[in-house]
Amino acid sequence: SAIFNFQSLLTVILLLICTCAYIRSLAPSLLDKNKTGLLGIFWKCARIGERKSPYVAVCCVVMAFSILFAQ
């Protein structure tokens, strides 16, 4: 049901990016072997989390305040 609510979709995407970046920091070989195909989405999310980490962190903080105080 997160597809129909834009804020929920953004929350799921941010959580996916943060989770993939964290998993790649613990076990890089787990995500690096699947750079293409359907599982390549997780590798791409990890790269976004690594390269754009200040922006992702700001988005997470803004989303947290939005969820806690705006709803």
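Which residues of α1 are buried? In this predicted model, they are Thr11, Leu14, Ile17, Cys20, Ala21 and Arg24. Their cover includes α2, α3 and α4. An α-helix has 3.6 residues a turn, so residues three or four places apart point the same way.

The confidence of the prediction is summarised here. Mean pLDDT for the chain is 87. A value of 70 or more is reached by 94% of the residues. Among the elements, helix α3 (residues 40-51) has the highest mean pLDDT, at 91. Helix α2 (residues 28-32) has the lowest, at 85.

The secondary structure consists of 4 helices and 0 strands. Along the sequence the pattern reads α-α-α-α. The C-alpha atoms fill a box of roughly 40 × 25 × 15 Å along the principal axes. Of the 71 residues, 20% count as buried. The accessible surface comes to about 5,300 Å². Carbon and sulfur atoms make up 72% of that surface. Among contacts with a separation of 6 or more, 54% join residues 24 or more positions apart.

Helix α1 spans residues 6-26 and has 21 residues. From its first C-alpha to its last it reaches 31 Å. This is close to the 30 Å expected at 1.5 Å a residue.

The UniProt record, an unreviewed entry, places the feature "transmembrane region" at residues 6-23 and 53-70. In the model, residues 6-23 are 100% helix and 0% strand. The end C-alpha atoms of residues 6-23 are 26 Å apart. Residues 53-70 are likewise 100% helix and 0% strand. There the end C-alpha atoms lie 24 Å apart.

Contacts of single residues add detail to this picture. Methionine 63 is found in helix α4 (residues 53-70). The relative accessible area of methionine 63 is 11%, under the 20% cut-off, so the residue counts as buried. Beyond residues up to four places away in sequence, methionine 63 touches Gln7, Leu10, Thr11 and Leu14. Of these, Thr11 and Leu14 are also among the buried residues of α1. Methionine 63 and glutamine 7 are 56 residues apart in sequence. In space, their C-alpha atoms are 8.4 Å apart.

Arginine 24 also lies in helix α1. Its relative accessible area is 16%, and it is therefore classed as buried. With neighbours within four places in sequence left aside, arginine 24 is in contact with Leu31, Asp32, Trp43, Ala46, Arg47 and Glu50. Leu31 and Asp32 fall in the span of helix α2 (residues 28-32). Trp43, Ala46, Arg47 and Glu50 fall in that of helix α3 (residues 40-51).

The cysteines were examined for disulfides. The count comes to 0. Cysteine 18 is in no disulfide, and its nearest cysteine sulfur, that of cysteine 60, is 3.5 Å away. Why is the sulfur of cysteine 60 not bonded to that of cysteine 18? The 3.5 Å between the two sulfurs is too far for a bond, because a disulfide requires a pair within 2.5 Å. Cysteine 18 is partly exposed, with a relative accessible area of 30%. Cysteine 60 is partly exposed too, at 26%.

Key: Residues are numbered from 1 along each chain as its sequence is written. This is a predicted model: local features need pLDDT of at least 70, side-chain atom pairs count only at pLDDT 80 or more; totals for chains, interfaces and linings use all residues. Side-chain values use heavy atoms; hydrogens and water are left out. pLDDT is the predictor's confidence in each residue, from 0 to 100. Helices (H or I, at least four residues) and strands (E, at least two) are DSSP runs, numbered from the N terminus. Buried means under 20% relative accessible area, exposed over 50%, partly exposed in between (1.4 Å probe, protein chains only). Contact means heavy atoms within 4.5 Å. Accessible areas come from the Shrake-Rupley method with a 1.4 Å probe; for residues, only the protein chains shown count as cover. The expected span of a helix is 1.5 Å times one less than its number of residues. UniProt positions are given in the numbering used here, feature names are shortened, and annotations may be inferred rather than shown by experiment.
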